[in-house]
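Grab a pencil and work through a few short exercises on the chain shown below. Each one starts with a task and then walks through a solution.

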Amino acid sequence: MFSQSQKLYEKSCQLIPGGVNSPVRAFNSVGGKPVFIDRAHGPHLFDVDGNSYIDLINSWGPMILGHQFDPVVEAVKEQVEKGFSYGAPTEGEYLLARQVNKMAPWAELTRLTSTGTEACMSALRVARGYTGRQKFIKFAGNYHGHADPFLVKAGSGVLSLAIPGSPGVPEGTTQSTLIAEYNNLENVRDLFNEYGSELAAVILEPVAGNMGCIVPEEGFLEGLRQLCDDHGTVLIFDEVMTGFRLAGGGASEMFDITPDLVTYGKVIGGGMPIAAFAGKREVMETVAPLGPVYQAGTLSGNPVAVACGLATLKHLDDSSDIYERLEKTTKEIKDILLERFADHKVAVNTIGSMISIHFGIDKASHYDDVANADNEVFKRLFHHCLKNGIYLPPSPFETWFISQAIG
Ligand code: PLP
């Protein structure tokens, strides 16, 4: 049933490292060989062998409206006919910044990038430039892209300076990275007590989506906000996953916490390579050419990508009940999973249109919980679904994303 995919995979392996352009696509966590996709429409993916799947990844988040959603396709076509890229400012970029500011008013100034990695790397640089400090706190199991300072061995709950988690990352680069445990405010408080006056930033996924889907416990985000305020530290919410997905204003709106800086990706581009960092005017005014913190990109604010992102955000903003509908569908999927696995020890976490399932544990609220889950059962679930027309993320640590087309 996967013969064409397998042939393409073998050929790709000759020319592309591991046959894929991003590691998790290779199915290493679940075993087997990746499926090659030919096209997508609405809630479905179609592979090169003619199999169809209900898509529960949605390009790892961006396709919240489903594939080939008409108003988005029209906006992209219109821009394609006007040219792909100019390397000069366009009205679309202004309109997108205005739309972001409307949905997330704390984004007083917005700079577009092409990837979430760039957005997070740049936000950290801005926080360091603004405060004149070097150290920052990140949380074990939170992912902020593959820039050097974030790639550290994130041993959970360890109150220590981090060591690089990938060959090629110089030790010096991660010496200023402090690791804390997500949902453990005491742990963060200890770090502030020791390093408070040296801390440029705290960066986190306000809802963690890269260790399954882990929701912040009551008081956690509020406590971080307070610690940052008390110490003149920049609070960065990495909303690459959650921005425009959990609500118009993302997790910041949902939990009513205003970050100093915020990063976006995924939904903001509607499937095209757009991301952004944004935030308080005073902090963002340090960004070049207004201020001294350098940041740039040849294809940043690419007009075709901007048209796609703008049409996506406008649709989300104009629909009165889209987030409720997405949440309803997600709860229905949760109920199906709980019923199907009633005889298993299982934790199914959902928030908005994000979902994750963890076997062998009955609650998943910390990195250690998820790290101790039984991934063998997940692997079997993954392959069972793949054979039966449901495309899940090929890793138990990845969040499933629901689109409005499913439902
Ligand atoms: N931040 C978060 C929370 C993410 O989930 C990701 C990617 O999945 C990134 C940053 C990096 O974004 P990108 O893959 O676009 O570089």
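**Exercise 1. The second largest pocket**

Find which helix supplies the largest share of the lining of the second largest pocket, then describe the rest of that lining.

Step 1. Bear in mind that this is a predicted model. In it, α11 gives the largest share of the lining, with six residues.

Step 2. Look for other helices that contribute. Both α11 (322–340) and α13 (375–387) supply at least two lining residues each.

Step 3. Put a size on the space: the second largest pocket holds about 500 Å³. Its lining counts 20 residues, and those closest to the centre are I336, L337, L381, C385 and I390.

Step 4. Sort the lining by class. You get 13 nonpolar residues, four polar ones and three charged ones.

**Exercise 2. A three-stranded sheet**

Work out the strand order of the open sheet that contains β12, β13 and β15, and say which strands stand at the edges.

Step 1. The order reads β12-β13-β15, and the pairing is antiparallel.

Step 2. β12 (346–351) and β15 (400–401) each have a single partner strand, so they are the edge strands and one side of each has no neighbour in the sheet.

Step 3. Check the pairing of β12 with β13: six bridges, antiparallel. Within this pair, N349 faces S356 of β13.

Step 4. Follow the chain from β12 to β13. The two strands form a hairpin with two residues between them, and G352 takes a positive phi near 55° there.

Step 5. Now do the other pair. β13 (residues 354–359) is joined to β15 by two bridges, again antiparallel. I355 sits opposite W400 of β15, and M354 has F401 as its bridge partner.

Step 6. Is β13 mostly covered or mostly open? Covered: six of its six residues are buried. M354, S356 and H358 point one way, while I355, I357 and F359 point the other way, and all of these are buried.

**Exercise 3. Two helices with a buried side**

For α1 and α6, pick out the buried residues and decide how they are arranged around each axis.

Step 1. Start with the length of α1. Its 13 residues (3–15) should span 18 Å at 1.5 Å a residue, and the end C-alpha atoms are 19 Å apart, which agrees.

Step 2. In α1, the residues S5, Y9 and S12 are buried. They cover an arc of only 70° around the axis, so they lie on the same side of the helix.

Step 3. Turn to the other side of α1, where K11 and Q14 are exposed.

Step 4. Repeat for α6 (residues 185–195). Here the buried residues are L185, N187, V188, L191, F192 and Y195. Seen down the axis of α6, they fall within an arc of 160°, so they line one face.

Step 5. On the face of α6 turned away from the buried side you find the exposed residues N193 and E194.

**Exercise 4. Backbone oddities**

Locate the positive phi values at Q68 and K266, and the cis peptide bond that ends at P289.

Step 1. Recall the background: most residues other than glycine have a negative phi, and most peptide bonds are trans.

Step 2. Q68, which is not a glycine, has a positive phi near 55°. Q68 belongs to the loop between β3 (52–55) and α2 (70–80). Its relative accessible area is 46%, so Q68 counts as partly exposed.

Step 3. K266 is not a glycine either, yet its phi is positive, about 50°. K266 falls in the loop between β10 (261–264) and β11 (275–279). With a relative accessible area of 24%, K266 is partly exposed.

Step 4. The bond from A288 to P289 is cis, with omega near 10°. P289 is in the loop between α9 (281–284) and α10 (303–318).

**Exercise 5. One aspartate in a strand**

Decide whether D238 is buried or exposed, and how far it is from V207 in sequence and in space.

Step 1. D238 is part of strand β9 (residues 234–239).

Step 2. Buried means under 20% relative accessible area. D238 has 4%, so it is buried.

Step 3. D238 and V207 are 31 residues apart in sequence, and their C-alpha atoms are 9.1 Å apart in space.

Definitions and conventions:
Residues are numbered from 1 along each chain as its sequence is written. This is a predicted model: local features need pLDDT of at least 70, side-chain atom pairs count only at pLDDT 80 or more; totals for chains, interfaces and linings use all residues. Side-chain values use heavy atoms; hydrogens and water are left out. Helices (H or I, at least four residues) and strands (E, at least two) are DSSP runs, numbered from the N terminus. The expected span of a helix is 1.5 Å times one less than its number of residues. Buried means under 20% relative accessible area, exposed over 50%, partly exposed in between (1.4 Å probe, protein chains only). The arc is that of the directions from the helix axis to the C-beta atoms. On a 1 Å grid over the protein atoms alone, a cavity is a set of points where a 1.4 Å probe fits but cannot get out, and a pocket is an open set with protein on both sides within 12 Å along at least five of seven lines; lining residues have an atom within 4 Å of a point. Grid points are joined across faces, edges and corners, and a volume is the space filled by probe spheres set on the points. Ala, Val, Leu, Ile, Met, Phe, Trp, Tyr, Cys and Pro count as nonpolar, Asp, Glu, Lys and Arg as charged, and the others, Gly among them, as polar. Two strands pair if DSSP finds at least two bridges between them.
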